[in-house]
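Reader: I am new to this structure and would like to start with one part of it. Could you give me a close look at a single helix and then follow the trail to the parts around it?

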Amino acid sequence: MSNQNKYSRTRDSLYKLPFRNRIQSLQKLFPELSVDTLKCVVAQECQKRMKGSHGRLTTSETVEVMYKKFTNSILMNEEPGILLRLSDEVGLTPALLARSIIERHYQRDDKSKPAKLLVSTLMKNTALIDNRDLAFETYLCLLEDEEYGPIAEATKQSKGYEYEIYLRMELENCKVSFLHEDHLRMRGYDKTPDIKLEIPVAIDGQVINWIESKALFGDEEVHRGYLKDQLYSYWNRFGPGLVIYWFGYVEDLEKIHQNRIILIRDTLPTNMVLMDQHL
């Protein structure tokens, strides 16, 4: 079965499952897919869903209703996990729901939202929240949310950096000379690929000059976003390059590059030809 069909089937299965704790169910349905790939597909589906519904689910009226449900549940001594259950009910991810409740709790006298810096600080350190119940409920939400919130963001950044380091080690093992993005920034570049090859290499007959590492699953929407925000600027500055989606990608992504050559793989190719070998 092609990656495109697997992706479509996985995405279709998501809509039949609860919003939280879906990975275990998907593992049983798609044992051939890695946990990291499944997590990426779930995260990307969640982000698309939140883009479409976040505004509607966080209007002042809606938040007021959710806040009253929360405070009433506290008064009724309901067991912990109140915001998690509310998250399941309304379809807002736990961290985004907790953020909305915190904003309402710290609402100013004129009913305007508190400063974003305050809210972000409280999300990063729930011990600073002045209400014990809200602090604990927010903490539970941050632990459960794999897509949003400071814990989720730290996990994503760590995973991305892990694969960047892995790519550097693989290139060193292949005796490929390169600069990484820290080197490039020191030289004054603003937008930089993860790897700029000091001597180009050829992959399947195509010369490439740079490599971008993505610890993600590459679907068309994700890839188009990266083309616009990063990849085309790399191509304009450095020429043809390679993007590695470590957790897989849908077929035919290379067809949307409008004649700008950017190869796509899910691992560092072993058939690289070092250009100086033939000089």
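Author: Helices here are DSSP runs of H or I with at least four residues, strands are E runs of at least two, and both are numbered from the N terminus. This is a predicted model, where local features need pLDDT of at least 70 and side-chain atom pairs pLDDT 80 or more, while totals for chains, interfaces and linings use all residues. Numbering starts from 1 along each chain as its sequence is written, and side-chain values use heavy atoms, leaving out hydrogens and water.

Let's look at helix 11, residues 220–238. Its 19 residues span only 23 Å between the end C-alpha atoms, short of the 27 Å of a straight helix (1.5 Å times one less than the number of residues). Look along it to leucine 227, where helix 11 bends by about 60° (the angle between axes fitted to the seven residues ending there and the seven starting there). Just past the end of helix 11 comes glycine 239, with a positive phi of about 90°.

Leucine 227 is also one of the buried residues of helix 11, where buried means under 20% relative accessible area, exposed over 50% and partly exposed in between, with a 1.4 Å probe and protein chains only. Val222, His223, Leu231, Tyr232, Tyr234 and Phe238 are buried there too. Among the elements that cover these buried residues are helix 3, strand 2 (195–203), strand 3 (206–214), strand 4 (241–245) and strand 5 (262–265). Beside this, the charged end of lysine 214 sits over the ring of tyrosine 226, 3.8 Å from its centre; the cut-offs are NZ of Lys or CZ of Arg within 6 Å of the ring centre and within 35 degrees of the ring normal.

Now follow helix 3, one of the covering elements. Aspartate 36 has its place in helix 3 and is partly exposed, at 22% relative accessibility. Beyond its neighbours within four places in sequence, aspartate 36 is in contact (heavy atoms within 4.5 Å) with Lys159, Tyr163 and Phe247. Helix 3 covers residues 35–57, and threonine 58 lies in the loop between helix 3 and helix 4 (60–75). Threonine 58 counts as buried because its relative accessibility is 17%, and it touches Val63, Leu92 and Ser100, leaving out residues up to four places away in sequence.

Two contacts of aspartate 36, Tyr163 and Phe247, lead us to the aromatic rings. Five aromatic pairs occur in the structure: rings of Phe, Tyr and Trp (its six-membered ring) pair with centres within 6.5 Å, stacked when the planes are under 30 degrees apart, edge-to-face over 60, and tilted otherwise. Tyrosine 163 and tryptophan 246 make a tilted pair, with 5.3 Å between centres and 45° between planes. Tyrosine 163 belongs to helix 9 (residues 150–173) and tryptophan 246 to the loop between strand 4 and strand 5, so their pair ties together parts 83 residues apart in sequence. Both tyrosine 163 and tryptophan 246 are buried.

Tryptophan 246 also pairs edge-to-face with tyrosine 166, at 5.4 Å centre to centre and 70° between the planes. Since tyrosine 166 lies in helix 9 as well, this pair ties together parts 80 residues apart in sequence. Tyrosine 166 is partly exposed at 37%, whereas tryptophan 246 is buried at 11%. Together, Tyr163, Tyr166, Trp246 and Phe247 form one aromatic cluster.
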